[in-house]
Amino acid sequence: MAMALPAYKASPTPLLPILTTLRDDSDEVVRRSVANNLNDIAKDNPDFVVNFAHQYGGESVNTDKLVKHACRTLLKQGHPAILFFYSLSCEYLSVDNLVVECDALHIGESLAFEFDVTNHDVTSRKVRLEYAIHYRKKNGQLAPKVFKISERDYAASSTLHIQRKQSFKVITTRVFHVGGHRLSIIVNGQTFVNHDFELLT
């Protein structure tokens, strides 16, 4: 188990020379380690990672891949500065015709759903498409977990039909609690539509 370093968590600036030096290392394992470290930093110091992205994004194919991986938590959180950095605007986009297979399911079953995403613009737009399951915690509160569907360009005046299925099969990494849950459809970091459903024993 890695040892926590509170000083660097409070201020990661001393790590910048190391991360900068290794950002375009020839070894992909090293670059992935830098990205993972930046992603961890983003949880407490998002501006540090935003600044890193602005400084080194576009420098090389390897660095662009590193920066994108480093920003994965910020993207899932819908961080405005990172959405702007990747030109992920919600303008001219819509989510329609959400159909959820059922409003109640049992632990062990799956929740199937489908919907349409439309780009109403006269030019193509980059679309990052995600959904969140707001799981019920033991204390009754809901906590979202975001799942990425795709990130691609949508042609002008185009509609894409999406179908997905989320399993509620018992796993060791998650404890399910019966009661109200929520499904959210997220486009470019913004929640467009919600649907509540019940999880039963």
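## Two cores in one predicted chain

The largest nonpolar core here has 24 residues, and those with the most contacts inside it are Phe115, Leu129, Tyr131, Ile133, Phe168, Leu183 and Ile185. At least two residues of this core come from each of these strands: S1 (93-100), S3 (110-119), S4 (125-136), S5, S7 (179-187) and S8 (190-200). S4 gives the largest share, with 5 residues. Apart from this core lies another one, of 23 residues, and among its members are Leu38, Val49, Val50 and Phe52. Keep in mind as you look around that this is a predicted model.

### The chain as a whole

Let's step back for a moment. The chain has 7 helices and 8 strands. Its C-alpha atoms fill a box of roughly 50 × 50 × 25 Å along the principal axes. Of its 201 residues, 39% count as buried. Take the contacts with a separation of 6 or more: 63% of them are between residues 24 or more positions apart. The accessible surface is about 11,300 Å², and carbon and sulfur atoms own 52% of that. As for charge, there are 23 positive and 22 negative ones, and their mean positions sit 6 Å apart.

For a feel of the distances, pick aspartate 40 and serine 158. They are 118 residues apart along the chain, and their C-alpha atoms are separated by 37 Å. Aspartate 40 is in helix H3 (residues 28-42) and counts as partly exposed, at 43% relative accessibility.

### Around the strands

Back to the strands, with leucine 129 as a good place to start. Which residues does leucine 129 touch, leaving aside its neighbours within four places in sequence? The contacts are Phe115, Val117, Lys148, Ile149, Ser150, Tyr154, Ile162, Ile185, Ile186 and Val187.

One of those partners, serine 150, deserves its own look. Serine 150 lies in strand S5 (residues 142-154). Is serine 150 buried or exposed? It is buried: its relative accessible area is 17%, and the cut-off for buried is under 20%. With neighbours within four places in sequence left out, serine 150 is in contact with Val127, Arg128 and Leu129.

Now for S7. Of its 9 residues, 8 are buried, so S7 is largely enclosed by the rest of the structure. S4 and S7 pair in the antiparallel sense, over 6 bridges. Here isoleucine 133 stands opposite leucine 183 in S7, and both residues are listed with the most contacts inside the largest core. S7 and S8 also run antiparallel, joined by 9 bridges. In that pairing, serine 184 has asparagine 194 of S8 as its bridge partner. The hairpin of S7 and S8 has 2 residues between the strands, and asparagine 188 takes a positive phi near 50° in it.

### Around the helices

Over in the helical part, H4 (residues 46-56) is worth a look. Which residues of H4 are buried? They are Phe48, Val49, Val50, Phe52, Ala53 and Tyr56. Val49, Val50 and Phe52 are among the members of the 23-residue core. The cover over the buried residues of H4 includes helix H2 (16-22), H3, helix H5 (61-70), helix H6 (72-77) and helix H7 (80-85). After H4 comes glycine 58, with a positive phi near 90°.

### Some backbone oddities

Most residues other than glycine have a negative phi. That makes a few spots in this chain worth pointing out. The loop between H7 and S1 holds serine 87, and tyrosine 92 is found in that loop as well. Both take positive phi values, as the table shows.

| Residue | Phi | Relative accessibility |
|---|---|---|
| Serine 87 | near 55° | 53%, exposed |
| Tyrosine 92 | near 70° | 42%, partly exposed |

Serine 87 counts as exposed because its relative accessibility is 53%, and exposed begins over 50%. Tyrosine 92, with a relative accessible area of 42%, is partly exposed.

Technical notes
Residues are numbered from 1 along each chain as its sequence is written. This is a predicted model: local features need pLDDT of at least 70, side-chain atom pairs count only at pLDDT 80 or more; totals for chains, interfaces and linings use all residues. Side-chain values use heavy atoms; hydrogens and water are left out. Helices (H or I, at least four residues) and strands (E, at least two) are DSSP runs, numbered from the N terminus. Buried means under 20% relative accessible area, exposed over 50%, partly exposed in between (1.4 Å probe, protein chains only). Contact means heavy atoms within 4.5 Å. A nonpolar core is a set of buried Ala, Val, Leu, Ile, Met, Phe, Trp, Tyr and Cys residues joined through side-chain atoms within 4.5 Å. Two strands pair if DSSP finds at least two bridges between them. Accessible areas come from the Shrake-Rupley method with a 1.4 Å probe; for residues, only the protein chains shown count as cover. Lys and Arg count as positive and Asp and Glu as negative; His and the chain ends are not counted. The place of a charge is taken as NZ of Lys, CZ of Arg, CG of Asp or CD of Glu.
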